[in-house]
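Please open the structure in a viewer and keep a selection tool at hand. The tour below proceeds stop by stop, stating what to select and what is found there.

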Amino acid sequence: MDRTVYLNGAWVAEGDAKVSVFDRGFLFADAIYEVTAIIHGKLVDYPGHLARLKRSLDALGIAMPVAEAELLDLHKEIARRNGIEDGLIYLQVSRGVQDRDFVFPEAMEPTFVMFTQTKKVLDNPKWKTGLSVKTVPEGRWSDRQIKTVQLLYSSLRKTEANRQGYDDVLFVENGHITEASSANFHIVTQEGVLVTRDLSNALLHGITRGSILHLARQADLKVEERAFTPEEAKAASEAFVTSATSFVTPVVKMDGVTIGNGEVGPISRRLLDIYIREQLSAGIPVAD
Ligand code: PDD
């Protein structure tokens with residue numbers, strides 16, 4: 001295969017068509033795409049694909065990478081350059097390249113890619129035989145225990161919240177908190193019990209969460225792993241998030257309501273200290 005690919009304004013051989021590893025499409029699934037068929041040299045349903053492309057870009061706040069007239073010209077030219085009479089054109093626009101961060105700035109230079117694939121669209125054997133299918137639970141995306149890069153929703157909500165003056169979001173499902181955008185969430189009740197969501201496919205099984213629970217139990221703290229509501233969290237004496245990069249970070253306000261006395265609580269502080277101390281002693285040295 002030696003197709004010509006369109007990449008950010010240039011026609012390049014497919015082997016040279018490379019996108020940065022820092023592209024948000026790669027790191028956060030922060031990208032949209034369209035697929036348009038070509039039959040006997042004709043673009044199929046092009047206006048519909050263009051309209052949806054614009055809707056998708058609008059919804060994510062990504063700029064149209066080229067003018068509409070130019071986009072149609074690019075479709076014609078990529079088909080011509082690759083000799084596609086029957087096949088498809090795939091196009092993808094990502095928000096662009098940035099150091100990894102859930103929060104993105106307003107203006108970014110989008111990454112724009114187009115390529116073709118030869119396919120005998122009109123020669124589909126299944127049009128004669130039909131398909132055999134099976135049902136599966138709708139789960140797009142409900143397997144949050146898997147640490148995938150499907151982070152677009154989290155990134156959008158965190159960016160929006162940041163612009164409104166919040167540091168982060170807490171996701172609520174069926175009236176219960178699952179976790180924060182990129183950290184697990186925990187509360188300490190007025191009775192001093194550490195309550196954290198039990199593990200399931202509703203949340204990521206945080207490594208820091210596991211270590212903190214272990215240290216909390218060692219320190220004779222009572223721990224309950226169960227679902228809890230935003231109301232229970234607002235009535236807690238302390239709350240905190242845990243993650244690989246934030247360790248134990250207190251949460252002092254939620255939906256404008258002060259948690260506890262609004263200051264970093266003693267249990268959060270203690271767990272952070274114990275965790276840092278333990279890792280400074282037990283962490284694996286990077287130098288031999
Ligand atoms: N995020 N929940 C989600 C959705 C996360 O993305 C993370 C971590 C956690 C905490 O897991 P751990 O303790 O293993 O880091 C919980 C990382 C830090 C990130 O995406 O930057």
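A residue is called buried when its relative accessible area is under 20%, exposed when over 50%, and partly exposed in between, computed with a 1.4 Å probe on protein chains only. Helices (H or I, at least four residues) and strands (E, at least two) are DSSP runs, numbered from the N terminus. The model is a predicted one, in which local features need pLDDT of at least 70 and side-chain atom pairs count only at pLDDT 80 or more, whereas totals for chains, interfaces and linings use all residues. Residues are numbered from 1 along each chain as its sequence is written, and side-chain values use heavy atoms, with hydrogens and water left out.

**First stop: strand β9**

Select residues 184-188, which form strand β9. Both faces of this strand are covered: Asn184, His186 and Val188 are buried on one side, and Phe185 and Ile187 are buried on the other. Five of the five residues of β9 are buried, so the strand is largely enclosed by the rest of the structure.

Next, add residues 194-196, strand β10, which runs antiparallel to β9 and is joined to it by three bridges. (Two strands pair if DSSP finds at least two bridges between them.) Within this pair, Val188 stands opposite Leu194, and Ile187 faces Val195. The hairpin of β9 and β10 has five residues between the strands, and Gly192 there takes a positive phi near 85°.

Which strand is joined to β9 by five bridges? It is β12, which also runs antiparallel to β9. Glu238 in β12 is the bridge partner of Val188.

**Second stop: the five-stranded sheet**

Widen the selection to the open sheet of five strands, whose order is β11-β10-β9-β12-β13 and whose pairing is mixed. At the edges stand β11 (223-225) and β13 (247-250), each with a single partner strand, so one side of each is left without a neighbour in the sheet. From one strand to the next, the twist averages 25°. Axes are lines fitted to C-alpha atoms, for helices over the stretch in contact, and angles run from 0 to 180 degrees between N-to-C directions.

Now display helix α6 (residues 207-218), which packs on this sheet and touches β9, β10, β11, β12 (238-243) and β13. Its direction makes about 145° with that of β11. Contact here means heavy atoms within 4.5 Å.

**Third stop: Arg209 and helix α8**

Within helix α6, select Arg209. Is this residue buried or exposed? At 4% relative accessibility, Arg209 counts as buried. Leaving aside neighbours within four places in sequence, the residues in contact with Arg209 are Asn184, His186, Thr196, Arg197, Asp198, Leu199, Glu225 and Thr242.

Add helix α8 (residues 266-282), which packs against α6 at an angle of about 105°, with the axes 10 Å apart. That makes α6 roughly perpendicular to α8. Angles under 35 degrees count as roughly parallel, over 145 as roughly antiparallel, 65 to 115 as roughly perpendicular and the rest as oblique. To view the contact, select Thr208, Ser211, Ile212, Leu215 and Ala216 in α6, together with Leu271, Ile274, Tyr275 and Glu278 in α8. By class, this contact has six nonpolar, two polar and one charged residues. Ala, Val, Leu, Ile, Met, Phe, Trp, Tyr, Cys and Pro count as nonpolar, Asp, Glu, Lys and Arg as charged, and the others, Gly among them, as polar.

**Fourth stop: the six-stranded sheet**

Turn to the open sheet of six strands, which has the order β2-β1-β6-β5-β3-β4 and antiparallel pairing. Its edge strands are β2 and β4 (42-43), each of which pairs on one side only. Strand β5 (residues 87-94) and strand β6 (residues 111-118) pair in the antiparallel sense over eight bridges. Leu88 stands opposite Gln117 in β6.

In strand β2 (residues 10-13), select Ala10, which counts as partly exposed at 31% relative accessibility. Ala10 and Thr116 lie 106 residues apart in sequence and 15 Å apart in space, C-alpha to C-alpha.

**Last stop: helices α2 and α3**

Finally, display helix α2 (residues 46-60) and helix α3 (residues 68-81), which pack at an angle of about 125° with their axes 12 Å apart. The two helices are therefore oblique to each other. In their contact, Tyr46, Leu50, Leu53 and Lys54 of α2 meet Glu68, Leu71, Leu72 and His75 of α3. These residues divide into five nonpolar, one polar and two charged.
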